[in-house]
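Q: I am new to this structure and would like a close look at a single part of it. Please take one residue, describe its surroundings with care, and then place it within the wider fold.

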Amino acid sequence: MRKSKQSVLLGISGGVDSSTTAYLLKKQGFNVTGITLAMFNENDSDFQKNVKDAKNTCKMLNIPHLVFNVEKDFKKYVVDYFISEYENGRTPNPCVICNRFVKFEGLLTKADELGIKYISTGHYASVEKKDGKYLLRKGIDDKKDQSYFLYNLTQKQLSRSIFPLGQYTKKQVRDIAQKAKLPVSHKNESQ
């Protein structure tokens, strides 16, 4: 894992995984900015609760927090894709499309606007550079590995991505969150 005073834009949902990622990045010396991506109605009560949880974590860790609306891209790349695939008798995988075209492109766009070098999420995976190429690797926790949902990321996206949770199990992540007294350490897992 990279250790530096580099800046990183973290997609923080308000859950245990992304909040623990914020803590780990900060502990490693990164200058972290948290950002919550609004993919649908920003006034939704569940979304507002998650934003509040993300803000509380960022406040505790003394890192800035932003909200970035990507609702149009979510509809274009995920919802419309899902409907089209379903109507054509295929089984869509909206998570794969969302990660590449909405989450990671949204994070890179905002990182570039803010002059931030790296992006990060709470996914259980890792990136390795080998022979000049960036390779996506599975997380060590077979039950939580999320590399399948990220397999479609581009070289540009992978070259700027940091996945601290790839080297931990879910139990270890929850233990780290509890020891760090993160406000979401006891929050239920989302799907």
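**A close look at Ser-18**

A: The side chain of Ser-18 reaches the backbone nitrogen of Ser-13, at a distance of 3.0 Å, in a model that is predicted. Ser-18 lies in helix 1, which covers residues 16–27, and Ser-18 counts as buried because its relative accessible area is 5%, under the 20% that sets the limit for that word. Leaving aside residues up to four places away in sequence, Ser-18 touches Leu-10, Gly-11, Ile-12, Ser-13 and Gly-122, so Ser-13 appears both in this list and in the polar pair described above.

Turning to the wider fold, the model holds an open sheet of 5 strands, in the order 3-2-1-4-7 and with parallel pairing. Strand 3 (65–69) and strand 7 (161–162) stand at its edges, and each has a single partner strand, so one side of each is left without a neighbour in the sheet. Strand 2, residues 31–38, is joined to strand 3 by 5 bridges, and the two run parallel; here Ile-35 stands opposite Leu-66 of strand 3.

Helix 3 can be followed in the same way. Its 17 residues (71–87) should span 24 Å at 1.5 Å a residue, and the end C-alpha atoms are 22 Å apart, which agrees, while the helix bends by about 25 degrees at Tyr-81. Phe-74, Val-78 and Glu-85 are buried in helix 3, and the buried residues of this helix pack against helix 4 (94–114). After helix 3 comes Gly-89, with a positive phi near 75 degrees.

Notes:
Residues numbered from 1 in each chain as written. Predicted model: local features only at pLDDT ≥ 70, side-chain atom pairs only at ≥ 80, totals over all residues. Heavy atoms only, no water. Helix = DSSP H or I, 4+ residues; strand = E, 2+ residues; numbered from the N terminus. Expected span 1.5 Å × (residues − 1). Bend = angle between axes of the 7 residues up to and from the residue. Buried < 20%, exposed > 50% of the residue type's maximum accessible area, 1.4 Å probe, protein only. Contact = heavy atoms within 4.5 Å. Polar contact = N/O pair within 3.5 Å; in protein donor to acceptor, adjacent residues only side chain to side chain. Pairing = 2+ DSSP bridges.
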